[in-house]
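Student: I would like a close look at one part of this protein, with its salt bridges and packing explained. Please give a single connected answer.

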Amino acid sequence: MEENNPQCSSVVDGNFEEVPRETAIQFKPPLYRQRYQFVKNLVDQHEPKKVADLGCGDTSLLRLLKVNPCIELLVGVDINEDKLRWRGDSLAPFMGDFLKPRDLNLTITLYHGSVVERDSRLLGFDLITCIELIEHLDSGDLARFPEVVFGYLSPSMIVISTPNSEFNPLFPSVTLRDSDHKFEWTRMEFQTWALYVANRYDYSVEFTGVGEPPAGAENVGYCTQIGIFQKNGGKATEACVSEQHDQHVYKAVFTTSYPSLQQERFFKLVLVNEVSQQVESLRVSHLSRRKEQDGERGDKPKDIGGSKAPVPCFGPVFTEVEKAKIENSPKPFCVGDKFFVPLQRLLAYPRLNRLCANEEMMRSVIADSIPLSSDGSAVVADLCNYFDEQFEF
């Protein structure tokens, strides 16, 4: 498959070693990035849950799409097994992904195999992308490609990009843009093929592209032409998918799963952390107000070994509706040296309300990690601690 990175051998993607600088067309951003951004914009618009990239190459597109919160299954397929193994680790979750888990589960899998082979694990997808792929297929594989992708896999949407050969004369000494290309089509050739395939497999298709031609050459069209195919009647039904027999011809060479709030242990970790932070913020605010009421200045930090206490950071900005909801909720209170924050108060804050549907849910998750009142209706914390004494609280 084509190398979709700045070091690739394709003239249009950034390597101009054999082309004089003063005559080479350079795209900003580079053309491969424009293609990937086009797909990302489409994902942002349609919010597919299951996405597969056929001919994924160095997995650059997968790495761009994995941050999209709507995607729950991301699959890459390529004929080059070594490249998949080499690039797989770049798709694994980083430390930051564990510190701030996604809302939804995400599984990423890379398969070694040919795009003209049928594998039932790619059935029922919302989006399949084929970026700079079809021009690498010989005539036999190109004939089988629609049968597999449109007929068998039959996703809700398919995006196919391919070079526009009408643009090629604008590049010095270019016949084919890559030595592995079997063909490059004009706009008429691509659209004729795409319309035939769309009609045969019950899809509609729209044509666009990326890579604007230079001034005075607008008639040649985009450097990369793109077809967006959408299944008529919407998504394939579950019944249609279930009728297919299991066919596992691809070889899985890499798979990883990301931490998410749908997983109990990560949900609990995030909720306990959020509750603890909010209780601490309310406790400090309470002490500040009490200090002011006692006639002391609350903004004068105490010198500790020549350094000053840190200035508190500004909290989140709330809308008027959110402010009203917080003010109308049960207020924190003190009993002796203990500070109580009602769970209903905590649920009034947007970040915690997004995590928890109700008081019972919050109580059941945090009960074994955070002290609660005897009736379980409030979080209990010490009103004062060592740090308060250091900073004159």
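Tutor: What follows centres on helix H8 and its partners, and then moves to other parts of the chain.

The model is a predicted one. The protein chain has 393 residues, of which 47% count as buried. Its secondary structure comes to 13 helices and 11 strands. Among contacts in the chain with a separation of 6 or more, 72% are between residues 24 or more positions apart.

Helix H8 covers residues 264-293, and Glu274 lies in this helix. Is Glu274 buried or exposed? Glu274 counts as buried, because its relative accessibility is 14% and the cut-off for buried is under 20%. Glu274 forms a salt bridge with Arg351, and the closest N and O atoms of this pair are 2.6 Å apart. Arg351 belongs to helix H11, so the salt bridge ties together parts of the chain that are 77 residues apart in sequence. The two ends of the bridge sit in unlike surroundings: Arg351 counts as exposed, at 51% relative accessibility, whereas Glu274 counts as buried, at 14%. Leaving out residues up to four places away in sequence, Glu274 touches Arg351, Leu352 and Leu355.

H8 also meets helix H12, which spans residues 359-366. Two packed helices are described by the angle between their axes and the distance between the axes. Here the axes come within 10 Å and cross at roughly 100°. That angle makes H8 roughly perpendicular to H12. On the H8 side, the residues in the contact are Phe267, Lys268, Leu271, Val272 and Val275; on the H12 side, they are Met361, Met362, Val365 and Ile366. By type, the residues of this contact divide into eight nonpolar, no polar and one charged.

Helix H11 has a further salt bridge, through Arg354. This residue pairs with Asp103, with the closest N and O atoms 3.0 Å apart. Arg354 is in helix H11, residues 350-355, while Asp103 is in the loop between helix H4 (95-99) and strand S3 (106-112); the pair links distant parts of the chain, 251 residues apart. Arg354 counts as exposed because its relative accessibility is 55%. Asp103 has a relative accessibility of 43% and so counts as partly exposed.

A salt bridge can also lie within one helix, and Glu320 with Lys323 is an example; their closest N and O atoms are 3.6 Å apart. Both residues lie in helix H9 (residues 320-327), three residues apart, which is about one turn of the helix. Why can such a spacing bring side chains to one side? An α-helix has 3.6 residues a turn, so residues three or four places apart point the same way. Glu320 is exposed, at 61% relative accessibility, and Lys323 is partly exposed, with a relative accessible area of 39%.

These pairs belong to a total of 16 salt bridges in the structure. Salt bridges also join residues in a network, as with Glu81, Arg85 and Lys251.

Two other helices add to the picture. Helix H1 (residues 31-46) has 16 residues and reaches 23 Å from its first C-alpha to its last, close to the expected 22 Å. Which residues of H1 are buried? They are Leu31, Tyr32, Gln34, Arg35, Tyr36, Phe38, Val39, Lys40, Leu42 and Val43. The buried residues of H1 pack against helix H2 (60-65) and against four strands: S4 (127-131), S5 (157-163), S6 (203-210) and S7 (224-231). Just after H1, Glu47 takes a positive phi of about 50°.

Helix H5, residues 139-153, contains Pro146. With a relative accessible area of 7%, Pro146 is buried. Apart from its neighbours within four places in sequence, Pro146 is in contact with Gly151, Trp193, Val197 and Tyr201. Of these, Tyr201 is 55 residues from Pro146 in sequence, with 8.4 Å between the two C-alpha atoms.

To return to H8: Glu274 in this helix forms its salt bridge with Arg351, and another set of H8 residues, including Phe267 and Leu271, meets H12.

Definitions and conventions. Residues are numbered from 1 along each chain as its sequence is written. This is a predicted model: local features need pLDDT of at least 70, side-chain atom pairs count only at pLDDT 80 or more; totals for chains, interfaces and linings use all residues. Side-chain values use heavy atoms; hydrogens and water are left out. A salt bridge is a side-chain nitrogen of Lys or Arg within 4 Å of a carboxyl oxygen of Asp or Glu. Helices (H or I, at least four residues) and strands (E, at least two) are DSSP runs, numbered from the N terminus. Buried means under 20% relative accessible area, exposed over 50%, partly exposed in between (1.4 Å probe, protein chains only). Axes are lines fitted to C-alpha atoms, for helices over the stretch in contact, and angles run from 0 to 180 degrees between N-to-C directions. Angles under 35 degrees count as roughly parallel, over 145 as roughly antiparallel, 65 to 115 as roughly perpendicular and the rest as oblique. Contact means heavy atoms within 4.5 Å. Ala, Val, Leu, Ile, Met, Phe, Trp, Tyr, Cys and Pro count as nonpolar, Asp, Glu, Lys and Arg as charged, and the others, Gly among them, as polar. The expected span of a helix is 1.5 Å times one less than its number of residues.
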